[in-house]
Amino acid sequence: MREVVLTEQQLRELEDIYEKLQQEYARVATTLDFSCSGCPDNCCDSYFLHHTYVEWAHLWRGIKQLAPERRMAIRARAKTYLGQCTKELLAGRRPQVMCPLNEDGLCVVYGHRLLVCRTHGVPATMTRPDGQTLRFPGCFRCQEIVEGLGEQAPHVARTPLLTRLVLLENELLNNKRHLLPRVKMTIAEMLVQGPPTLPRFRSYCDETILL
Ligand code: SF4
Ligand code: SF4
């Protein structure tokens with residue numbers, strides 16, 4: 001097995017995707033005169049699953065910059081988080097547990113937070129490969145602002161940026177995504193498992209073998 005590490009070029013591409021997403025987010029938020037300022041909620045307790053080795057590896061770039069004692073404390077919180085989520089899921093409820101990377105209301109790896117963390121809040125759309133468009137209404141505060149606007153509500157179109165993320169994931173995985181375990185993980189699972197690793201490949205003509 002080898003650790004998945006982003007090249008400088010892949011890192012720049014991911015950071016550009018994040019940057020464009022944040023610009024789109026800011027455009028929509030400004031149009032709606034929306035901000036998180038004074039909100040009684042903290043979205044870091046929302047339950048989300050993440051799906052790419054790219055973001056998992058990028059998150060770990062941030063984790064590795066933290067002092068060992070802090071990392072141990074985060075890992076302990078991640079284990080507690082997973083136990084609490086398991087209980088909620090077994091009871092048929094969507095978990096609402098604070099992310100182990102949140103300390104005193106702030107993200108300890110802010111520059112390495114994941115795409116979902118950067119997009120939650122304002123309305124968004126995403127078109128699936130089968131052509132169906134999904135609409136996300138935004139958080140409860142934003143929903144109050146856009147009430148009655150329906151499809152006319154300003155929103156972030158996520159598809160072009162997600163398409164770039166998928167292309168980047170394919171490149172990172174050497175176009176072998178279909179051969180590898182799927183990523184479908186909470187941030188806590190990424191923390192407990194450690195940085196992503198992959199089997200080594202060997203190609204024999206047109207056959208690929210996992211070592
Ligand atoms: S990674 Fe950071 S921004 Fe994302 S949920 Fe956790 S604490 Fe919040
Ligand atoms: S995204 Fe919405 S719910 Fe979350 S902190 Fe901001 S205003 Fe509050």
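**Figure 1. The shell around ligand 1 in this predicted model has seven nonpolar residues, one polar and one charged.** Let's see who is standing around the ligand. The neighbours are C44, C99, L101, N102, C107, R113, L114, C117 and I187. Pick out L101 for a second look. If you skip its neighbours within four places in sequence, L101 is in contact with I74, C107, V108, V109 and I187. L101 and I187 will turn up again in Figure 4, among the residues with the most contacts inside the largest nonpolar core.

**Figure 2. Ligand 2 has its own ring of residues: C36, C39, D41, N42, C43, H120, G121, C139, F140, R141 and C142.** How many of the residues in the shell around ligand 2 are nonpolar, polar and charged? Sorted by class, there are six nonpolar, three polar and two charged. C139, one of the residues around ligand 2, also makes a handy landmark for Figure 6. There, we compare the position of C139 with that of P129.

**Figure 3. Helix 2 is largely enclosed by the rest of the structure.** Why can we say that helix 2 is largely enclosed? Simply because eight of its eleven residues are buried. Helix 2 covers residues 53-63, and its buried residues are Y53, V54, E55, W56, A57, H58, L59 and W60. So what do the buried residues of helix 2 pack against? Their packing partners are helix 1, helix 4 (115-119), helix 6 and helix 7.

**Figure 4. The largest nonpolar core has 28 residues.** Within this core, V54, W56, L59, L101, I187 and L191 have the most contacts. Several helices chip in: helix 1, helix 2, helix 3 (68-90), helix 4, helix 6 and helix 7 each supply at least two residues. Which helix gives the largest share of this core? That's helix 2, with six residues. There is also another core lying apart from this one, made of six residues, including V28, F34, V122 and V156. As background, nonpolar side chains in soluble globular proteins tend to be buried together.

**Figure 5. Three strands form an open sheet in the order 5-4-6, with mixed pairing.** Strand 5 and strand 6 (156-157) stand at the edges. Each edge strand has a single partner strand, so one side of each is left without a neighbour in the sheet. Now zoom in on strand 4 and strand 5, which pair in the antiparallel sense over four bridges. M126 stands opposite L134 in strand 5, while A124 has F136 as its bridge partner in that strand. In general, strands of a sheet pair through backbone hydrogen bonds, either parallel or antiparallel.

**Figure 6. Strand 4 and strand 5 form a hairpin with five residues between them.** In the turn sits G131, with a positive phi of about 95°. P129 is in the loop between strand 4 (124-127) and strand 5 (133-136). Is P129 buried or exposed? P129 counts as exposed, because there are just 7 other C-beta atoms within 10 Å, and 12 or fewer is the cut-off for that label. How far apart in space are P129 and C139? They are ten residues apart in sequence and 25 Å apart in space, C-alpha to C-alpha.

**Figure 7. D33 and N175 each have a positive phi without being glycine.** Phi of D33 is near 55°, and D33 is in the loop between helix 1 (8-32) and helix 2 (53-63). D33 is exposed, with 7 other C-beta atoms within 10 Å. For N175, phi is about 60°. N175 lies in the loop between helix 6 (159-172) and helix 7 (187-193). With 11 C-beta neighbours inside 10 Å, N175 counts as exposed too.

**Figure 8. Zooming back out, the protein has seven helices and nine strands.** Its radius of gyration is 19 Å, close to the 17 Å that the globule rule gives for 211 residues, so the protein is as compact as a globular protein of that length. The C-alpha trace spans about 60 × 40 × 35 Å along its principal axes. What percentage of the 211 residues is buried? Buried residues make up 22%. Among contacts between residues at least 6 apart in sequence, 76% join residues at least 24 apart.

Methods: Residues numbered from 1 in each chain as written. Chains lettered and ligands numbered in written order. Predicted model: local features only at pLDDT ≥ 70, side-chain atom pairs only at ≥ 80, totals over all residues. Near = placed C-beta within 6 Å. Nonpolar A, V, L, I, M, F, W, Y, C, P; charged D, E, K, R; others polar. Buried ≥ 20, exposed ≤ 12 C-beta atoms within 10 Å, placed from the backbone. Contact = placed C-beta atoms within 7 Å. Core = buried A, V, L, I, M, F, W, Y, C linked by C-beta atoms within 7 Å. Pairing = 2+ DSSP bridges. Rg over C-alpha atoms; globule rule 2.2 N^0.38 Å.
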